[in-house]
Amino acid sequence: MLLAGANEGSDGGVTLATLSEAYSPTETRFRPEESPFTTLFADITHRCNMACRNCYIPVRDLPDLPVDWLYEVVRRLPRRARIRLVGAEPTMREDLPDIIRTIRALGHIPVVLSNGLKLGRRNYVEKLKAAGLHTVYLSLNGGLRDDLYLAIDELACAERKLAALDNLLALRMHVTTGTILVPGVNVGHLPEFIDHLLGKGVRDMHFRSVGQVGNYIRDASFTLDELEAAVRGALRPEHGELRLLAAYGSSRDFALGRARVQLTQWPELGSLERGRIAPDGMVEPMFESIVANEHRY
Ligand code: SF4
């Protein structure tokens with residue numbers, strides 16, 4: 001089903017046709033009005049300013065999603081949802097503040113998932129906040145160290161990443177840090193890194209395995225038990241006890257003092273919590289969609 005704008009012969013229509021052609025639908029899908037998802041991913045661009053070794057979405061030759069069309073889909077959702085603005089890298093879009101402002105005006109909660117390179121500029125973060133952004137998921141695979149970013153993300157960017165974290169915290173934004181744990185690479189750095197995050201007042205940390213989809217480091221994926229062992233092994237007595245709050249098939253939520261720690265063995269199949277907006281206007285389970293569209297979308 002194509003929504004308004006998708007077949008009108010306008011630039012937006014041509015773009016949506018290109019995106020739809022590249023996209024493989026999953027078996028389970030819903031019209032926006034029937035969406036069961038509390039969180040929906042919107043792939044607003046396929047452009048990126050990094051070239052990480054683990055990237056579930058390495059396709060770069062697709063056009064940006066037309067936002068007027070996105071707003072029509074979002075407008076049809078049955079209840080308030082977290083709209084995760086993702087890419088590749090969402091900050092590549094010059095109109096990101098407008099997108100945030102409109103998603104908020106439509107009654108939903110905009111969330112940006114970013115590699116953080118552009119968030120190292122304070123005035124840019126201020127602009128996003130003024131547009132209505134309160135929550136950012138910031139990937140920090142190398143923690144505090146350039147050599148680890150080089151090994152995992154192919155870029156020595158610790159300074160810029162940590163500047164982004166400081167900017168977000170200074171502006172009192174809610175930050176979830178995301179770190180892919182790679183055996184033999186960044187696990188030994190965890191004690192120092194977790195200590196740093198807790199010291200900065202980060203309240204939400206997410207550690208996940210290398211997802212074996214898209215581009216990824218081979219033979220380097222932790223199981224959920226191994227993720228938990230790695231995090232437990234990194235904690236110091238002063239960090240407090242890691243208390244299990246909830247366990248699902250592929251993820252576990254913990255409390256650590258006042259912080260929340262989430263571990264995920266990725267991809268997290270079978271979840272009807274996180275969905276993805278497909279370019280034909282339907283919504284689908286996020287991780288199933290990623291697997292179905294490996295190296296395509
Ligand atoms: S993982 Fe994210 S930041 Fe890295 S190349 Fe892929 S889209 Fe870009």
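Let's start at one histidine. Leaving aside neighbours within four places in sequence, H46 is in contact with L19, I57, V59, R60, L62, P63, D64, A88 and Y297. Keep in mind that this is a predicted model. Where does H46 lie? It lies in the loop between β1, residues 39-43, and α2, residues 67-75. Is H46 buried or exposed? Buried: the relative accessible area of H46 is 0%, and the cut-off for buried is under 20%.

Now step back into β1, the strand before that loop. Five of its five residues are buried. T39, F41 and D43 point one way, L40 and A42 point the other way, and all are buried. That fits the general pattern. In a regular strand the side chains alternate between the two faces of the sheet.

Which strands does β1 pair with? One partner is β2, residues 82-86, in the parallel sense, over five bridges. Within β2, L40 has I83 as its bridge partner. The chain gets from β1 to β2 through α2, and this β-α-β crossover is right-handed. Another partner is β10, residues 274-277, again parallel, over three bridges. Here L40 has G275 as its bridge partner, and F41 stands opposite R276.

Stay with β10. Both of its faces are covered. R274 and R276 sit on one side, G275 and I277 on the other, and all are buried. Yes, that includes two arginines. β10 also pairs with β11, this time antiparallel, over three bridges. G275 stands opposite P285 of β11, and I277 has V283 as its bridge partner there. The hairpin of β10 and β11 has five residues between the strands. In it, G281 takes a positive phi near 95 degrees.

Next, the whole sheet. How many strands form it? 11 strands, in an open sheet with mixed pairing. The order is β7-β8-β9-β6-β5-β4-β3-β2-β1-β10-β11. The edges are β7, residues 242-247, and β11, residues 283-285. Each has a single partner strand, so one side of each is left without a neighbour in the sheet. Neighbouring strands are turned by 25 degrees against each other on average, direction ignored.

On to a helix that packs on this sheet. α7, residues 190-200, touches β5, β6, β8 and β9. The direction of α7 makes about 155 degrees with that of β6. α7 also meets another helix, α8, residues 224-234. Their axes come within 8 Å and cross at roughly 70 degrees. The window for roughly perpendicular is 65 to 115 degrees, so α7 and α8 count as roughly perpendicular to each other. Who makes the contact? L190, P191 and I194 from α7, with A230, V231 and A234 from α8.

Last topic: the cores. The largest nonpolar core has 72 residues. Those with the most contacts inside it are I83, L85, L119, L138, L190, F207 and I277. Some of these names have come up already. I83 is the partner of L40 in β2. L190 is in the contact between α7 and α8. I277 is on β10. Which element gives the most to this core? α2, with six residues.

Take L138 as a close-up. Not counting residues up to four places away in sequence, L138 touches a list of residues including S114, L119, K161, L165, V175 and G178. Apart from the largest core lies another one, of 13 residues. Among its members are V111, L113, Y137 and I290. Thanks, that's the tour.

Key
Residues numbered from 1 in each chain as written. Predicted model: local features only at pLDDT ≥ 70, side-chain atom pairs only at ≥ 80, totals over all residues. Heavy atoms only, no water. Helix = DSSP H or I, 4+ residues; strand = E, 2+ residues; numbered from the N terminus. Buried < 20%, exposed > 50% of the residue type's maximum accessible area, 1.4 Å probe, protein only. Contact = heavy atoms within 4.5 Å. Pairing = 2+ DSSP bridges. Right-handed = clockwise from strand over helix to strand, strands pointing away. Axes fitted to C-alpha atoms, helices over the stretch in contact; angles between N-to-C directions. Core = buried A, V, L, I, M, F, W, Y, C linked by side-chain atoms within 4.5 Å. Parallel < 35°, antiparallel > 145°, perpendicular 65-115°, else oblique.
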